[in-house]
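Let's practise reading a binding site together. Keep the model on screen and work through each exercise at your own pace.

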Amino acid sequence: MSTSDPAAANRALIAELAELALRVAREAADLVRERRAEPVEVALTKSSPVDVVTEADQASERLLAWLLKAARPDDGFLGEEGADVAGTSGVRWIVDPIDGTVNFLYGIAQYAVSVAAELDGEVVAGAVVNPASGLEFCAALGGGATRNDEPIRVRDTVPIDQRLVLTGFSYEARIRALQGQAVAQLLPKVRDLRRFGSAALDLCTVACGQADAYVEEGGHLWDYAAAGLVLREAGGRTRMLPGVGGTDAMVAAPAEGFEEFLALVGEVGFLADHR
Ligand code: IPD
């Protein structure tokens, strides 16, 4: 690689990070698949008694941290299950070792390993791998998004009352009650709603044109880092806004119909500003 061309060096670094994200996400997905074949043990609970962490979440995060440290020792690392290591290279990895842990616990096949690389604070590469279905979503900044190596694209925009919307619920009962009210207002105004149980896979579902939009309050950086890039690279937009329950809400949709969807979720009560 020529050091005299910073743009080319940057592109090469992003390509390297994207390749590494997919490689380690696949390895962690293999581990998660093996763990699902054994009895699944809850290791602890977090924000509420229904917000569980399994031993497989912890093992997957340890594996991801180890693999990434071996490949790129100077990078930072942030994991859902507690790892937070500062780096010196300008690259930080943001991982969710199992997004959709409750589905994993119950044996519902909608969960994923999510690995994103941030460069100087911007997500530039991401991989989301579902160990149960074998679906692999990848993206590199400026390089488009793929599902199992095939380019993906969001759906064409349809009138708002014909849009299929994905959502999810917080682990906090107080926020859930508010989300329930907003959902009740939204339902008559759209085609229908789906609640699959993995925010990362929800964003990838919009990215590959199998749904029209997504809204949820209470997710975290690790839920959205990789999948948000996948969606943006597939022609979508994402925005984090203050939610009605006082935590961040993610609104995501194809770029063309985004503003109309944002106005609707505000109007029906998902967002703080519109109360
Ligand atoms: C959760 C899932 C769920 C969403 C929650 C997330 P976790 O992640 O993505 O669908 O509703 O907001 O926290 O806890 O399974 O990693």
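**Exercise 1: Polar contacts of the ligand**

In this predicted model, an N or O atom in the side chain of glutamate 80 lies 3.0 Å from an oxygen atom of the ligand. Find two further side chains whose polar atoms lie 3.3 Å and 2.5 Å from a ligand oxygen.

*Solution.* Start with the cut-off: a polar contact is a pair of N or O atoms within 3.5 Å. Next, the distance of 3.3 Å belongs to aspartate 96. Finally, glutamate 216 has a polar side-chain atom 2.5 Å from an oxygen atom of the ligand. The protein covers 97% of the ligand's own 380 Å² of accessible area (Shrake-Rupley method, 1.4 Å probe).

Residues are numbered from 1 along each chain as its sequence is written. Local features need pLDDT of at least 70, side-chain atom pairs count only at pLDDT 80 or more, totals for chains, interfaces and linings use all residues, and side-chain values use heavy atoms, with hydrogens and water left out.

**Exercise 2: The shell**

How many residues surround the ligand, and which are the closest?

*Solution.* Count residues with a heavy atom within 4 Å of the ligand. That gives 15 residues, and the closest are Asp99, Gly100, Thr101, Ala199 and Glu216. Now sort the shell by class: four residues are nonpolar, five polar and six charged (Asp, Glu, Lys and Arg count as charged; Ala, Val, Leu, Ile, Met, Phe, Trp, Tyr, Cys and Pro as nonpolar; the others, Gly among them, as polar).

Key
A residue is near a molecule or strand if one of its heavy atoms lies within 4 Å of it. A polar contact is a pair of N or O atoms within 3.5 Å; within protein, one must be able to donate a hydrogen and the other to accept it, and residues adjacent in sequence count only if both atoms are side-chain atoms.
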